[in-house]
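Good morning, colleagues. Today I should like to discuss salt bridges, and I ask you to look at the structure as we proceed.

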Amino acid sequence: MNTQAEDDDYWDKSDSKAYNFDDDEVSNISEVSYEDFPQSDFPLNLLISDHDLQMVLDEQSRKDTLPIKFTQDEELRFLRNKFQEERYPPPASVIVSRLLIGRPVSLEVYRSLAQKTELLDEAIASGNGDAILRIVLFLSRSLKKKILYQLLQNRPEAVNHYINYLSTRLQVSECVDLWTILGKQQEAAMFQYRLAVTTSNVDLKRRKLAKVHSDYFLQPGASQFHARFLADQLNLLEWQSAEDKSLLDKPVLESLYRVCQRHKWSDNKSPSPGNPYNFAKAYQISASQFEWIALNERARSKAWKDLDGLFEKKTFIKASFAINIPLDKVILRLHELEAPFPVLNTFLGKIDDTQKRLSLARKVGAVRSVIDCLVAMKDKAELVNLRNGLVEGTPERFYAENCLESLNSKWKAESIKVSIKK
């Protein structure tokens, strides 16, 4: 009984013809082209050792094809070399070197598991993605799946190249099987998710996402974060389908904008899903995101009075102003959306730093706030200059003159007090 033959039959599962690694389908997947390297003044010893370089040169000098014109001795020598190579395959390092320089190779002569493992490790050590993929594809054709996956278990570089190859060809079941057998259910789930979200048909996308949710993210040990995220995504699709089909598959913040448009802001305590506050809570929209969307929608709708209620937090004792967006950003945005000056002045008044408030007020042309800042800083000279530059009879000019008079009265009163003390 031929034990070696039985071993070979065990490891080799396919009787089909040898895989042609010169096929265009594979040869175009090279990660790095050797033509990209400079052709001069580049130290080769940084790329390859002297020993390996000599081995590559030796391989290049060999004649792997029979000459067009040949003698009987040349034919006999060629056939003898081929027979010798079939019986005693070259070392794995030689084969990988041939792959690196684009020479044709025959991998079918490597039949034992040990030889195939050595080929794979040598390709991984080379760091060349094309060589790694070619060897993995050879193994996938010549080994049982169980053995192949055992080899890939501790070789992530090979797994990544193989997964990329399968996914670009939409071999979904093979990708999922590989991730699952390798014990990487999370990667299998995310792979399925990425495929689902790229589906253009919304109804089909919803069904695919629901299947991914039930098959993966509702299983024990699944990521709770991803499970909640996917559940929210499915709920949003359902809401969009029922409320406004023009919003189907749009981002959640775009849906929030539409909710803000339809909401009656005088009734902010409504338990309805159409209440923007309830919508934001249901889909875990942050306070700053909610405020920014609501601010922009109300400003574009010219509903300026609603802005007070948006940032006013009422308690049993009193109402307080609270905002999660930088005030300077809010004021500049309101100015851009042509908010009236009383609105700008209200928000400017919430800035404690007088110098910062003055700079921002000047930038948006809020004259009343500029005057208030100059009064707070007791800068009479600058206030006089500002007053003189305002058109007579305008509310701003009148306000500036009143502030100047008030300021002068305070200074006179203070001077009298100082004189009495002396």
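How many salt bridges does a search of the whole structure find? The search finds 14. Please bear in mind that this is a predicted model. I shall take a few examples in turn.

Let us begin with Lys205, which forms a salt bridge with Asp249; their closest N and O atoms are 2.6 Å apart. This pair links distant parts of the chain, the two residues being 44 residues apart. Lys205 belongs to helix 12, residues 202-217, whereas Asp249 lies in the loop between helix 13 (224-243) and helix 14 (252-262). As for their surroundings, Lys205 is buried, with a relative accessible area of 5%, while Asp249 is partly exposed at 34%.

Helix 12 also holds the next pair, Lys211 and Asp215. Their side chains meet in a salt bridge of 2.8 Å, N to O. Because these residues are four positions apart in the helix, about one helical turn separates them. Is Lys211 buried or exposed? Lys211 is exposed, with a relative accessible area of 52%, and its partner Asp215 counts as partly exposed at 36%.

I turn now to Arg397 and Glu392. Here the closest N and O atoms of the salt bridge are 3.8 Å apart. Arg397 is buried, with a relative accessible area of 11%, whereas Glu392 counts as exposed at 64%.

Finally, which residues are linked in a network of salt bridges? One such network joins Asp244 with Arg258 and Arg262.

Thank you for your attention.

Definitions and conventions
Residues numbered from 1 in each chain as written. Predicted model: local features only at pLDDT ≥ 70, side-chain atom pairs only at ≥ 80, totals over all residues. Heavy atoms only, no water. Salt bridge = Lys/Arg side-chain N within 4 Å of Asp/Glu carboxyl O. Buried < 20%, exposed > 50% of the residue type's maximum accessible area, 1.4 Å probe, protein only.
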